[in-house]
Amino acid sequence: MTTLTPLYLLAAERKSAEVTDWSARISWVLGFAVFIALVYWLMRQGWKWRGQLQSDLPELPTTPEGFADGGTLLTLSGRYHASTTAGQWLDRIVAHGLGTRSRVELTLGEQGLDVVRPGAADFFVPADALREARLDKALAGKVLPEGGLLVITWAHGDKLIDSGFRSDHAAEHRAWVDAINHLNSTTEGTAR
């Protein structure tokens, strides 16, 4: 018959758990915080550098006098996502605040498109600068369900720009595409 070791002898042999090394833990937390701060600073520098590269983009036009007196075709309340170089959905334009996401109030009139952004720079797109409108699902890294994004292509200086908007009521997007494309075909017809 084997003898069993009494429990108190087993308990006496075991060592207690090691005490936490607070200095090592604090060092790791501080090192991680410095790393995160460095990554954030590098991202900020990249944003500024992109803005400097795009500094040749002319100033954005402002809403002309008497725009409100002209006929308003459509209005939209929603979100402005970003602007990119036309056809390149990841090439975000950050110059003149075009890369800043914000709320938006759009007004389409005979003279053009008025973009009012609380907390960001407002701008105006003249009717002759509007090129097309389409429904899309992605712009500047933002991906939405199919047709969830209203993308308006317009000319600014010698550059074509895609600007992405999402209405609070996505059913409005189709009417905007039809209206802008109709306005574009009308202005092209009178220019010829």
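**A strand residue, two cores and a pocket**

A good place to enter this predicted model is Thr85, which belongs to strand β1, a strand covering residues 72-85. Thr85 has a relative accessibility of 15% and therefore counts as buried, the cut-off being under 20%. Its side chain forms a polar contact of 2.7 Å with the side chain of Asp91. Leaving aside residues up to four places away in sequence, Thr85 touches Asp91, Ile93, Lys159, Leu160 and Asp162.

With that residue in view, the whole chain can be considered. Its secondary structure amounts to three helices and nine strands. Followed along the sequence, these elements appear in the pattern α-α-β-β-β-β-β-β-β-β-β-α. The chain has 192 residues, of which 32% count as buried. Among contacts between residues at least 6 apart in sequence, 61% join residues at least 24 apart.

The nonpolar interior comes next. The largest nonpolar core contains 28 residues, and Leu113 and Leu130 are those with the most contacts inside it. Two or more residues of this core come from each of β1, β2 (102-109), β3 (112-116), β4 (123-126), β5 (130-136), β8 (149-156), β9 (159-167) and α3 (173-191). Helix α3 is the element that gives the most, with five residues. The surroundings of Leu113 can be followed residue by residue: not counting residues up to four places away in sequence, Leu113 touches Leu106, Thr107, Leu108, Phe123, Phe124, Val125, Leu130, Ile152 and Trp176. Another core, of six residues, lies apart from the largest one, and its members include Ala82, Ala140, Leu144 and Leu149.

The loop between β1 and β2 holds His96, a residue with an unusual backbone angle to look out for. Most residues other than glycine have a negative phi. The phi of His96, in contrast, is positive, near 60°. With a relative accessible area of 26%, His96 is partly exposed, because this value falls between the 20% limit for buried residues and the 50% limit for exposed ones.

Finally, the model can be searched for open space. The largest pocket encloses about 180 Å³. Its lining is made up of Tyr40, Met43, Arg44, Gly46 and Trp47. By residue class, this lining divides into three nonpolar residues, one polar and one charged. Tyr40, Met43 and Trp47 are the nonpolar members, Gly46 is the polar one and Arg44 carries the charged label.

Terms used
Residues numbered from 1 in each chain as written. Predicted model: local features only at pLDDT ≥ 70, side-chain atom pairs only at ≥ 80, totals over all residues. Heavy atoms only, no water. 1 Å grid on protein atoms, 1.4 Å probe; cavity = no way out; pocket = protein on both sides within 12 Å on 5 of 7 lines; lining within 4 Å. Points joined across faces, edges and corners; volume = space filled by probe spheres on them. Helix = DSSP H or I, 4+ residues; strand = E, 2+ residues; numbered from the N terminus. Buried < 20%, exposed > 50% of the residue type's maximum accessible area, 1.4 Å probe, protein only. Polar contact = N/O pair within 3.5 Å; in protein donor to acceptor, adjacent residues only side chain to side chain. Contact = heavy atoms within 4.5 Å. Core = buried A, V, L, I, M, F, W, Y, C linked by side-chain atoms within 4.5 Å.
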